[in-house]
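Subject: A structure for you to look at

Hello,

Here is the structure I promised to pass on. Have a look at it first, and then read on for what turned up in it.

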Amino acid sequence: MTDAVAAIPEEAAPVPLLEPKEGIPPVVADDRALAATVAAFAAGTGPVAVDAERASGYRYGQRAYLIQLRRAGSGSALIDPIACPDLSALGRAVEGAEWVVHAASQDLPCLSEVGMRPRQLFDTELAGRIAGFARVGLGPMTENVLGLSLAKEHSAVDWSTRPLPEPWLRYAALDVEVLVELRNALERELDAQGKLGWAMEEFASIAAAPRPAPRTDPWRRTSQLHKIRRRRQLAVVRELWLARDRMAQDRDVSPGRVLSDAAIVNAALAMPLNIASLQAVQGFGPRVHRRQLEQWLAAVQRGREIPENLLPPATAPHDGPPPPRAWAEKDPVAAARLAGARSAVSELAERYRLPAENLITPDLVRRVSWQPPADPGPESVAAALRGLGARKWQVELVAAAVSAAFLAAAAAG
């Protein structure tokens with residue numbers, strides 16, 4: 001790793017607090033102001049820094065409640081996407097520019113909803129991961145790379161609040177203030193480490209990726225679901241989750257504010273028969289209105305009454321290999337392949353100083369280990385990885401090591 005990464009140690013003396021260079025821009029909240037912003041950013045030059053603030057934990061869904069941009073020659077802009085829900089004209093104004101985004105996978109979906117999609121991308125968080133930074137949040141990255149302190153005390157506020165307080169707007173404006181400068185420093189660092197080509201492949205893949213398909217059985221992401229052992233109880237979890245989701249959507253609040261995951265699991269374990277027994281379940285105490293208790297109890301009852309042949313399966317349907325914990329029993333040789341491949345990937349990741357999951361997606365390693373090519377040589381493994389979606393740089397780094405692990409497993413088996 002070059003000196004640029006380690007220039008400012010994590011326990012360094014306090015660094016100067018960043019302040020907006022041009023003050024806080026007014027929030028764009030009508031068609032006239034939006035048209036002026038579109039013209040300004042169309043006339044700008046170079047990359048455009050883009051960020052979005054959501055109201056996770058407060059509102060239903062992941063829509064943007066504030067969008068921030070900055071570009072040379074254009075200055076900064078703060079846009080209210082609730083007042084201006086169609087930003088496709090702005091998207092077209094900057095479509096030829098490289099977008100600089102921190103943690104693009106978080107922001108691109110909500111930006112796409114308002115008509116903004118990048119053709120070119122530089123993700124400063126992913127760049128930090130590939131460069132080997134231990135802490136890749138925007139604050140630590142700005143401090144470690146640029147020597148500037150970025151206040152983050154408003155990161156978890158309710159961005160659906162109107163009007164937005166002035167300190168929140170200052171925070172939001174600062175998020176794009178030095179993003180291009182951070183991008184340039186990271187580009188130099190990646191180039192010095194010989195990793196710039198890797199990063200650019202990753203950015204291109206993110207920019208070209210289609211919108212993800214809706215998740216199958218999203219209720220299975222309920223926390224503590226592992227406590228549920230019976231399919232009938234799973235049905236109750238599903239019914240409570242669906243009822244909560246409908247209420248949350250109707251009220252435009254975060255589902256967790258309607259009913260906690262823990263309460264859903266507790267009710268499924270207890271299987272209450274009446275209001276009194278439901279109130280005894282943790283999460284459904286005396287503060288819950290009787291009408292809501294009746295709705296939750298009705299959901300529990302629906303789960304009780306589902307015919308046996310329609311109960312949800314014990315595990316989520318999937319098109320990939322079984323969980324790795326079951327491999328040793330189902331296919332010991334495959335388990336040995338996976339163990340060897342994982343070890344090889346970990347060694348490579350340590351050598352190149354980047355997270356193993358960024359070197360190669362763990363799911364790809366599992367899939368190729370479960371169904372390896374008939375010839376486990378390097379070229380066949382490389383072709384299999386490419387077919388699964390691995391990028392060129394990833395295949396070049398890991399194919400030979402994974403192949404060696406497969407050959408060793410076959411010899412030992």
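**Strand β3 and its neighbours**

Let us start with strand β3, residues 64-72, which is mostly covered, with eight of its nine residues buried. Please keep in mind throughout that this is a predicted model.

On one side, β3 pairs with strand β2 (residues 45-54) in the antiparallel sense, over eight bridges. If you want a spot to find this pairing on screen, R54 has A64 in β3 as its bridge partner. β3 also pairs with strand β4 (residues 75-79), again in the antiparallel sense, and here there are five bridges. In that pairing, L69 stands opposite A77 of β4. β3 and β4 make a hairpin with two residues between them, and G73 in the turn has a positive phi of about 85°.

**The sheet as a whole**

In what order do the six strands of the open sheet lie? The order is β1-β4-β3-β2-β5-β6, and the pairing is mixed. At the edges are β1 (27-28) and β6 (120-123), each of which pairs on one side only. β1 and β4 run parallel to each other where they pair, over two bridges. In that pair, V28 has I79 in β4 as its bridge partner.

A helix also packs on this sheet: α9 (residues 196-208) touches β5 (98-101) and β6, and its direction makes about 120° with that of β6.

**Salt bridges**

There are 19 salt bridges in the structure, and three of them are worth a visit.

One of them joins R391 to E202, whose closest N and O atoms are 2.7 Å apart. E202 belongs to helix α9, while R391 lies in the loop between α19 (378-388) and α20 (392-412), so the pair ties together parts that are 189 residues apart in sequence. R391 is partly exposed, at a relative accessible area of 21%. E202 is buried, at 7%.

Another salt bridge is between E308 and R232, with 3.3 Å between the closest N and O atoms. E308 sits in the loop between α14 (290-305) and α15 (327-330), and R232 in helix α10 (residues 231-251), so this pair ties together parts that are 76 residues apart in sequence. Are the two partners buried or exposed? E308 counts as exposed, at 53% relative accessibility, whereas R232 counts as buried, at 17%.

The third is within a helix: the side chains of R366 and D363 meet at 3.7 Å, N to O. Both residues are in helix α18 (residues 362-370), and because they are three residues apart, about one helical turn separates them. In general, an α-helix has 3.6 residues a turn, so residues three or four places apart point the same way. R366 counts as partly exposed, at 24% relative accessibility, and D363 is partly exposed with a relative accessible area of 27%. Salt bridges that share partners join D319, D363, R366 and R367 into one network.

**Helix α16**

Now to helix α16, residues 332-352. At 1.5 Å a residue, its 21 residues should span 30 Å, and the end C-alpha atoms are indeed 30 Å apart.

Which residues of α16 are buried? They are A334, R337, L338, A341, A344, V345, L348 and A349. These residues cover an arc of only 135° around the axis, which means that they are on the same side of α16. The face turned away from that buried side carries the exposed residues P332, E347, E350 and R351. As for what the buried residues of α16 pack against, the partners are α15, α17 (356-359), α18 and α20. Just after α16 comes R353, which takes a positive phi of about 55°.

**The overall picture**

Finally, some totals to help you find your way around. The secondary structure comes to 20 helices and six strands. The C-alpha trace spans about 65 × 65 × 45 Å along its principal axes. Of the 413 residues in the protein, 46% are buried. Among contacts with a separation of 6 or more, 68% come from residues 24 or more positions apart.

Enjoy exploring!

Best wishes

Conventions. Residues are numbered from 1 along each chain as its sequence is written. This is a predicted model: local features need pLDDT of at least 70, side-chain atom pairs count only at pLDDT 80 or more; totals for chains, interfaces and linings use all residues. Side-chain values use heavy atoms; hydrogens and water are left out. Buried means under 20% relative accessible area, exposed over 50%, partly exposed in between (1.4 Å probe, protein chains only). Helices (H or I, at least four residues) and strands (E, at least two) are DSSP runs, numbered from the N terminus. Two strands pair if DSSP finds at least two bridges between them. Contact means heavy atoms within 4.5 Å. Axes are lines fitted to C-alpha atoms, for helices over the stretch in contact, and angles run from 0 to 180 degrees between N-to-C directions. A salt bridge is a side-chain nitrogen of Lys or Arg within 4 Å of a carboxyl oxygen of Asp or Glu. The expected span of a helix is 1.5 Å times one less than its number of residues. The arc is that of the directions from the helix axis to the C-beta atoms.
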